[in-house]
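Student: I'm new to this structure and would like to learn how to read it. Could you walk me through it, one feature at a time?

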Amino acid sequence: MIANIVKPGSKTLGVLIYLFGPGKATVHTGPHIVASWDGFAPDPGPEDSPGHTERMDQLAKALDLRVKQAGDQAPEGHVWQCSLRAAPEDRALTDAEWATIARRVLHATGIAPDGDPDGCRWIAVRHADDHIHIVATKMRGDLRPPRNWNDYHRAMTELTQIETDFGLHQVNRDRDTWPAAKRPTRAETEKAARNGHSRAVREQLRLTVRTALSHAHSVEEFLGLLADAGLQVETRTLPSGDLNGYKVALPGDSADGKPIWYSGAALATDLSLPKIQERLRATEPTVPRPAGRPRPNPWHQATAAIERIPHHLAQDDPAPASAHLVAFGEILYALPALAPTHVRAELRKAAFAFEYAVNTRARVDHQHARALRGACKTLGTHPADDGLIAMLVDAAVLTVIAVRRQSALRHHDQQVAAAQQTLLHLQAAYRQAAPAPLARLAERKPPADTARHYAEHLRKAVPAYAEQILNETAWDALTAVLADVQRKGRNPADLLQQAAQIRPLDDAHSPAQVLTWRIQRLGERHAPSPRAAQAQSSAQRPAPPSQPAAAAPAPKASPAQRR
């Protein structure tokens with residue numbers, strides 16, 4: 001259940017006319033009072049009911065009585081409004097239950113404390129199954145204003161207990177777990193609908209700003225990309241000439257002929273200029289690349305870093321995980337511009353949904369994800385095909401599954417829902433990107449004798465999944481990449497073992513496809529020298545059961561032990 005306390009108004013009758021009227025954004029059905037300050041407030045009923053106008057006037061005068069008595073001492077905005085809305089999955093509450101909830105919220109906020117005969121006058125109106133509106137006039141019986149400071153947070157605290165007492169959906173109210181971007185208000189959504197837009201202006205701007213940030217290497221390039229995207233951009237500088245802030249506006253979005261500007265922080269708390277500068281500083285390379293060393297494929301680098309995110313999530317230290325999730329979000333925003341046309345729509349939806357699946361409000365040390373962010377910035381330097389897109393998205397799917405699982409364990413239901421939406425869009429994008437490259441690989445499958453040889457390696461590497469993989473249609477593609485790496489001088493058995501150890505295959509929809517992409521990526525790496533390969537093999541070889549792992553010699557057995 002959520003509360004929405006609006007800015008105080010000064011026209012009690014106007015508010016009542018709306019509440020008991022037909023409604024605007026939603027249709028009001030059977031408006032009626034479920035509770036009031038004394039239980040005897042006149043109920044105007046529906047707009048077309050007999051005597052409606054007279055009862056409406058009586059109710060407005062009754063609510064305003066103390067305001068009139070206070071005269072000049074009454075506050076300018078004396079009409080306090082609060083709507084309480086149940087979650088879509090909640091059961092339908094009765095009028096008596098809504099009345100109890102209204103009284104508890106009014107007590108918690110200080111508008112009408114229980115047992116206080118001088119509490120403010122109020123009514124609770126219900127005109128839909130899932131919510132009520134509370135209207136109160138902010139003047140007590142002793143002609144003093146109520147002490148309702150911090151009323152919103154006091155109301156939300158009380159709603160947490162109400163959800164428990166009434167068995168309702170538990171809303172996550174931990175601010176440290178909230179996403180940086182808040183969802184659009186009803187007014188913003190209605191404005192977008194009137195203008196024929198699918199998203200509110202604030203959301204459109206935020207999407208464009210995040211996309212530009214995912215591609216930019218510097219603040220100057222970031223601002224240039226915003227202008228190239230068609231936004232109006234203004235910057236603020238200090239007397240020293242240093243940049244101090246920026247703001248953006250959507251062309252055509254104006255009031256009285258002037259653009260409606262949004263600062264970066266107004267779009268999302270992590271899009272302020274200082275936050276952006278922190279991210280960009282974490283992109284710069286720390287160690288120069290040795291001369292003559294080939295540059296690795298950034299798509300492979302990014303995919304490898306994404307595959308390590310579930311490992312970071314499972315650790316006790318949340319800092320690396322938080323940094324990698326923020327960088328992962330940037331990857332999602334960068335992908336649509338680099339992907340084939342037929343995949344872009346689902347990737348955009350995935351990036352937008354993932355923003356609400358993680359917390360980016362808390363301070364993040366972006367240095368932890370320097371490798372992933374650096375790979376993100378260089379994706380555009382390497383031509384992307386549907387195979388590279390499928391490889392990266394396949395890893396992204398497993399990462400989002402891990403994010404969803406972690407949020408579920410913490411009972412962060414809203415983040416679980418956002419992660420689920422992200423997952424659906426990524427899976428749809430994968431289904432669009434993967435079939436063609438997998439089919440091309442399958443056309444190059446090796447002879448049957450070679451495939452049987454690879455099957456033996458497979459049974460040793462992943463015995464729990466071997467039979468499932470052998471029966472998948474992607475087995476042919478997997479044998480093709482194994483043959484490719486063998487022709488390059490790599491050992492297919494070793495690569496299968498290495499690919500299986502990257503991450504468990506428990507969450508994989510198709511273990512064969514996951515292994516195909518992993519081995520294809522691992523096979524692109526330069527083969528280690530014989531000496532390095534021997535050292536790596538020795539490090540990975542488990543110690544025999546009879547030999548302890550410690551270097552110290554085993555103690556001699558006592559006579560009793562020898563017997």
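Tutor: We'll go from the whole chain to its sheets, then to some helices and a loop.

Tutor: Two notes before we start. This is a predicted model, in which local features need pLDDT of at least 70 and side-chain atom pairs count only at pLDDT 80 or more, while totals for chains, interfaces and linings use all residues. Residues are numbered from 1 along each chain as its sequence is written, and side-chain values use heavy atoms, with hydrogens and water left out.

Student: Okay. How many helices and strands does the chain have?

Tutor: Helices (H or I, at least four residues) and strands (E, at least two) are DSSP runs, numbered from the N terminus. Here the chain has 25 helices and ten strands.

Student: And what share of the residues is buried?

Tutor: Buried means under 20% relative accessible area, exposed means over 50%, and partly exposed is in between (1.4 Å probe, protein chains only). Of the 563 residues in this chain, 47% count as buried. For the surface, accessible areas come from the Shrake-Rupley method with a 1.4 Å probe, and for residues only the protein chains shown count as cover. The chain's accessible surface comes to about 28,800 Å², with 52% of that belonging to carbon and sulfur atoms.

Student: How do I read a sheet? What is the strand order in the one with five strands?

Tutor: Two strands pair if DSSP finds at least two bridges between them. The open five-stranded sheet has the order β1-β3-β5-β4-β2, with antiparallel pairing. β1 (2–5) and β2 (32–36) are the edge strands, each with a single partner, so one side of each has no neighbour in the sheet. From one strand to the next, the twist averages 25°; axes are lines fitted to C-alpha atoms, for helices over the stretch in contact, and angles run from 0 to 180 degrees between N-to-C directions.

Student: Where could I look at one pairing up close?

Tutor: Try β2 and β4 (residues 121–126), which run antiparallel and are joined by four bridges. A35 stands opposite A124 in β4.

Student: Which helices pack on that sheet?

Tutor: Contact means heavy atoms within 4.5 Å. Helix α1 (residues 12–19) lies across β3 (79–85), β4 and β5, running at about 165° to β5. α5 packs on the sheet too, touching β1 and β3, and its direction makes about 160° with that of β1.

Student: What about the sheet of three strands?

Tutor: That one is open as well, with the order β6-β7-β10 and antiparallel pairing. Its edges are β6 (232–237) and β10 (262–263), each with a single partner strand, so one side of each is left without a neighbour in the sheet. β6 pairs with β7 (residues 243–249) over six bridges, and T237 stands opposite L243 in β7. Helix α7 (residues 201–215) lies across β7 and β10, at about 125° to β7.

Student: At what angle do α19 and α21 cross?

Tutor: Angles under 35 degrees count as roughly parallel, over 145 as roughly antiparallel, 65 to 115 as roughly perpendicular and the rest as oblique. The axes of α19 (residues 448–461) and α21 (residues 475–487) come within 10 Å and cross at roughly 95°, so the two helices are roughly perpendicular to each other. The contact is made by A451, Y454, A455 and L458 of α19 and W475, T479, L482, A483 and Q486 of α21. Ala, Val, Leu, Ile, Met, Phe, Trp, Tyr, Cys and Pro count as nonpolar, Asp, Glu, Lys and Arg as charged, and the others, Gly among them, as polar. The residues of this contact divide into seven nonpolar, two polar and no charged.

Student: Is α11 mostly covered or mostly open?

Tutor: Helix α11 (residues 298–307) is mostly covered, with nine of its ten residues buried. Among them are W299, H300 and I306. The cover includes α13 (318–338) and α16 (386–409).

Student: Last one: what does phi tell me?

Tutor: Most residues other than glycine have a negative phi. In the loop between β5 and α5, L143 has a positive phi, near 60°. L143 counts as partly exposed because its relative accessibility is 38%. N150 is found in that loop, with a positive phi near 55°.

Student: And is N148 buried or exposed?

Tutor: N148, in the loop between β5 (131–137) and α5 (151–166), counts as buried because its relative accessibility is 11%. Leaving aside neighbours within four places in sequence, N148 is in contact with W80, T109, I111, K138 and R154.
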